[in-house]
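Thank you all for coming. I would like to walk you slowly through one structure today, beginning with its charged pairs and then turning to its nonpolar interior.

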Amino acid sequence: LQRYYQCRGYYVRTSVPIPYRKKVRGIEKTFYKFLDMVAIRNSEVLLIECRSFRNVKKLKPAIERICRFYDYVDKAFEILSIPIHSATLRKLMYVEDDDWDRLATYDKLLQKCGIELIRISSIVEELIKCAEREQELRKTRGEGDILLSIIAFLVRNINRTTASRTHGEHI
């Protein structure tokens with residue numbers, strides 16, 4: 001996801017510490033949770049979490065915890081006096097396709113928390129296009145993102161392997 005948003009022109013910060021206060025034995029202490037990523041471009045701020053619900057049996061409590069976590073994020077922005085009042089703030093949660101169907105029944109709860117649910121597979125095509133643009137930069141200027149080049153290489157080889165298996169099954 002980091003490469004995807006960087007390619008789209010966002011400034012990206014990963015593992016952003018989010019402070020929250022909690023009483024322990026009568027003493028209020030500050031603890032930290034970590035937001036997976038913040039992406040900023042012009043007047044848009046994206047608060048991004050990647051989650052897997054594969055082994056989660058009770059989805060509703062898990063989603064409620066995520067809503068509380070985003071509340072901590074909102075409070076942290078207020079406490080730190082980060083001027084986001086003029087920015088468009090979006091809360092995004094990327095999930096695997098397998099989890100998408102399971103989470104569909106909790107769509108209203110997610111909307112109530114202001115969280116947009118996105119399939120991780122939805123960015124793959126754009127990421128591949130970005131990798132191809134980066135490869136052209138590497139050819140012409142000797143620059144570019146090596147990780148995106150590796151992603152493009154892997155996708156090409158996966159497609160070839162899949163095609164050869166499909167072709168082999170029909171023979």
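**Salt bridges and cores**

In this predicted model, the side chains of Arg-21 and Glu-28 meet in a salt bridge, with 2.6 Å from N to O, and Glu-28, at 41% relative accessibility, counts as partly exposed. A search of the whole structure finds nine salt bridges, and I will take you through two others.

Asp-74 forms a salt bridge with Lys-91, where the closest N and O atoms are 2.8 Å apart, and this pair links distant parts of the chain, since Asp-74 sits in helix α2 and Lys-91 in strand β4, 17 residues apart. Is each partner buried or exposed, or something in between? Asp-74 is partly exposed, with a relative accessible area of 23%, whereas Lys-91, at 11%, counts as buried.

Glu-116 forms a salt bridge with Arg-90, again with the closest N and O atoms 2.8 Å apart. Glu-116 lies in strand β5 and Arg-90 in strand β4, so the pair ties together parts that are 26 residues apart in sequence. These two residues also belong to a network of salt bridges that links Arg-41, Glu-44, Arg-90 and Glu-116.

Now to the interior. The largest nonpolar core has 24 residues, and among those touching the most other members are Leu-35, Phe-53 and Met-93. Which element gives the most to this core? It is α2, with ten residues. Met-93 touches, among others, Ile-66, Leu-110 and Glu-116. Finally, a second, separate core of 13 residues includes Tyr-10, Val-12, Met-37 and Leu-92.

Conventions
Residues numbered from 1 in each chain as written. Predicted model: local features only at pLDDT ≥ 70, side-chain atom pairs only at ≥ 80, totals over all residues. Heavy atoms only, no water. Core = buried A, V, L, I, M, F, W, Y, C linked by side-chain atoms within 4.5 Å. Buried < 20%, exposed > 50% of the residue type's maximum accessible area, 1.4 Å probe, protein only. Helix = DSSP H or I, 4+ residues; strand = E, 2+ residues; numbered from the N terminus. Contact = heavy atoms within 4.5 Å. Salt bridge = Lys/Arg side-chain N within 4 Å of Asp/Glu carboxyl O. Lists of a residue's contacts leave out its neighbours within four places in sequence.
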